[in-house]
Amino acid sequence: MCSSSSKTLSCLIGNSTIRQLNPDDRYRRIDRFGEFRYPPGPRHSQPSICVAISPVLCDPSDSAALLSTAATSLNNQRQVWLPVGILGLVRIGDIWKDGQCVLSPGYQTEKFEKLDIKKGTTNIIKAGLPIDGEYLLPLTEHPWHSLQTQSYCLSVTLSNGKRIIIPCVELIRFYFGSSSKLLHILFTRQISAENFYRDTQYDPLSGRLHLKLAAGLSGMSAADIGRMALGHDAWNAARLIFDTCMAASARREPVYPYTGFPFIGETNLIATGKWLSSGATPDKTFVVYSLQSCSHPFPFKSLSYEAADNKKVGVKKNNPENQVQEKQGQTSFVNGARTKSQILADTDPGKSRSSEKYWIKGNPRFPDLAKKRVWRERYDTADPPVVMLKGAAQDELVSVGEASSSNGKTRGIDIGQEHDYKQMQDIDPKQHKFVFDGVQLAIKQSNLQSKSVMADLITLPGYTHPVFSLPHLVDENGEIHPVSFCSDGRGSERCRRGCFAEIKEAGKARCWVFIVERIDIEGMVKAINVGNFDLQHAMEGLIEDKDFSYCWSGLS
């Protein structure tokens, strides 16, 4: 077991706003997850979770000060109801301001090595009930769960006699929160295989698993679904979520779901939280705020999948009537919309608006997946370009859940946990030579030693391939900016391509770059350093005409 003290980390979740959490400029911290229920009012296709949040009284960037019971104003703690599909956006301990997550403090960060997860070392407990006369979460040291004492936690006994207490909702968020769609299924029905995949093929000799995902599910959840398809323990952990909700509802009790780890065996677990005493013994119980990493291996050696998602629709150059026409099934993203805010609506999304995929940017949850190939099969390698219109920024209502015909102004979003990485060998070196040239240019620009450098390509949400056509940048007259096109070598123009890459040296990320192919035979491949995988921001770095400004249109 290793201990470290971590400073605050940015919680990069784009420009999505949850005004229900805190509508003003005060810093507030998420203290605890509580009860689940269907809220009154407009029809909801999924239950909501009660999130306890309180004003921060200390410096929000001081992790040590935040551990104090006086760090927040418990008298002003609020209970906010949010749909379960946004669990990927909220974590215990995160600091929010103006409806957005601004900090993820490190608190006390622990690495628990060689945890033995099995029936004899794990137990389901209630947060506020004593065991053998002893409160595992004493209110004198941890008062923030005082209104959620009936919620369930998983207690893990360590070999040295200490214990870890993990809120069961945190287990659900971490192990099954890879997408809003997956969470929606787990909380709204008794699960069956057809909820997650149309077909599976597994070769035990090679360890390769192939999935045909069910309609509506994206590759963001492919690995989690693969673990459920091959592992009884993962399936049972997923099944418990709805079953325990229904059992409590049948007894007319407050609904607090519980589950366990989706595996049996050894793991290294990294988590943030706080050490609590037990009687006169200090640092006996570690209460987890958020899980960061789990090393337990997935039951496959490689994973390929097919997704039954909608196709994107592009536009034709110099045809303004087609450029802004909405198409059914069209895909765009929330992730790139830096100039307008996506506001979480208290309704289901509308059927008339196309859905979007949305990333939460963070460190990979499962190191085992970094060593295994996970890729999509049977996709278009030429995604049509999205459209960026010049104009005033506008707020947009977004939500999670099943689409309803009565909420036409609200767009559906599917919130995912991680980037979709693809290795260089997975793309055609002849068809995408500019990508290889751009990676070499980025290595040279960063003064890295090429022999110890690796590059991963990033597939943007809503796309099927890391190499994409540049967005069409359309002004008020319907004209597309020429930066989106390049010479085809035969006297005509075609869509210009680009991609994002993460350059690593000795296993550590050194830079992120936006690689763009040359505009003509005399031009040069570009490798532009970027701070994140934000396509709009990257395009601004590419455009020479700084007066030509755009915002994501959403094409609606």
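These legends accompany several close-up views of one predicted model.

**Figure 1. The whole chain, before we zoom in.**
Let's begin with the overall picture. The protein chain holds 9 helices and 33 strands. Of its 556 residues, 56% are buried. Among contacts with a separation of 6 or more, 74% join residues 24 or more positions apart.

**Figure 2. An open sheet of 4 strands, E12-E13-E16-E20.**
Here 4 strands line up in the order E12-E13-E16-E20 to give an open sheet with mixed pairing. Strand E12 (197-203) and strand E20 (373-376) are at the edges with a single partner strand each, so one side of each has no neighbour in the sheet. On average, neighbouring strands in this sheet are turned by 15° against each other, direction ignored. If you follow E12 to its partner, you reach strand E13 (residues 208-213), which runs antiparallel to E12 and is joined to it by 6 bridges. For a landmark in this pairing, look for Thr200, which stands opposite Leu211 in E13.

**Figure 3. Helix H4 packed on the sheet.**
Helix H4 (residues 222-230) packs on the sheet of the previous view and touches E12, E13 and strand E16 (302-306). The direction of H4 makes about 110° with that of E13. Because 7 of its 9 residues are buried, H4 is largely enclosed by the rest of the structure. The buried residues of H4 are Ala222, Ala223, Asp224, Ile225, Gly226, Arg227 and Met228. Arg227 is worth a second glance: Arg227 lies over the face of Phe366, at 5.2 Å from the ring centre.

**Figure 4. Strand E11, covered on both faces.**
All 5 of the 5 residues of E11 are buried, so this strand is largely enclosed by the rest of the structure. Arg163, Ile165 and Pro167 are buried on one side, and Ile164 and Ile166 are buried on the other. Strand E10 (residues 152-157) runs antiparallel to E11, and 5 bridges join the two. Within that pairing, Cys153 stands opposite Pro167 in E11. E10 and E11 make a hairpin with 5 residues between them, and Gly161 in the turn has a positive phi of about 90°. E11 also pairs with strand E15 (residues 281-294), in the parallel sense and over 3 bridges. There, Ile164 has Phe286 in E15 as its bridge partner.

**Figure 5. Ile166 and its surroundings.**
Now for a single residue of that strand. Ile166 is found in strand E11 (residues 163-167). Its relative accessibility is 0%, so Ile166 counts as buried. Leaving out residues up to four places away in sequence, Ile166 touches Cys153, Leu154, Val156, Leu171, Phe261, Leu269, Val288 and Leu291. The C-alpha atom of Ile166 is 8.4 Å from that of Ser290, although the two residues are 124 residues apart along the chain.

**Figure 6. Phe261 and the nonpolar cores.**
In soluble globular proteins, nonpolar side chains tend to be buried together. In this model the largest nonpolar core has 95 residues, and Tyr175, Phe196 and Phe261 touch the most other members. Helix H5 (residues 232-250) gives the most to this core, with 7 residues. Setting aside neighbours within four places in sequence, Phe261 contacts Ile117, Leu154, Val156, Ile166, Leu171, Tyr175, Asp233, Ala237 and Leu269. Another core, of 20 residues, lies apart from the largest one, and its residues include Phe468, Ile528, Phe533 and Ile543.

**Figure 7. Aromatic rings, in pairs and in a cluster.**
Across the whole structure, a search finds 20 aromatic pairs. One of them, Phe468 with Phe514, is stacked, with 6.5 Å centre to centre and 10° between the planes. Phe468 is in strand E26 (residues 468-469) and Phe514 is in strand E31 (residues 508-516), so the pair ties together parts that are 46 residues apart in sequence. Both Phe468 and Phe514 are buried. Elsewhere, one aromatic cluster is formed by Phe174, Tyr175, Phe261, Phe263, Phe298, Phe300 and Phe366.

**Figure 8. Arg29 over the ring of Trp144.**
In this last view, the charged end of Arg29 sits over the ring of Trp144, at 4.6 Å from the ring centre.

Note on methods: Residues numbered from 1 in each chain as written. Predicted model: local features only at pLDDT ≥ 70, side-chain atom pairs only at ≥ 80, totals over all residues. Heavy atoms only, no water. Pairing = 2+ DSSP bridges. Axes fitted to C-alpha atoms, helices over the stretch in contact; angles between N-to-C directions. Contact = heavy atoms within 4.5 Å. Phe/Tyr/Trp six-rings, centres within 6.5 Å; stacked < 30°, edge-to-face > 60°. Buried < 20%, exposed > 50% of the residue type's maximum accessible area, 1.4 Å probe, protein only. Lys NZ or Arg CZ within 6 Å of the ring centre and 35° of its normal. Core = buried A, V, L, I, M, F, W, Y, C linked by side-chain atoms within 4.5 Å.
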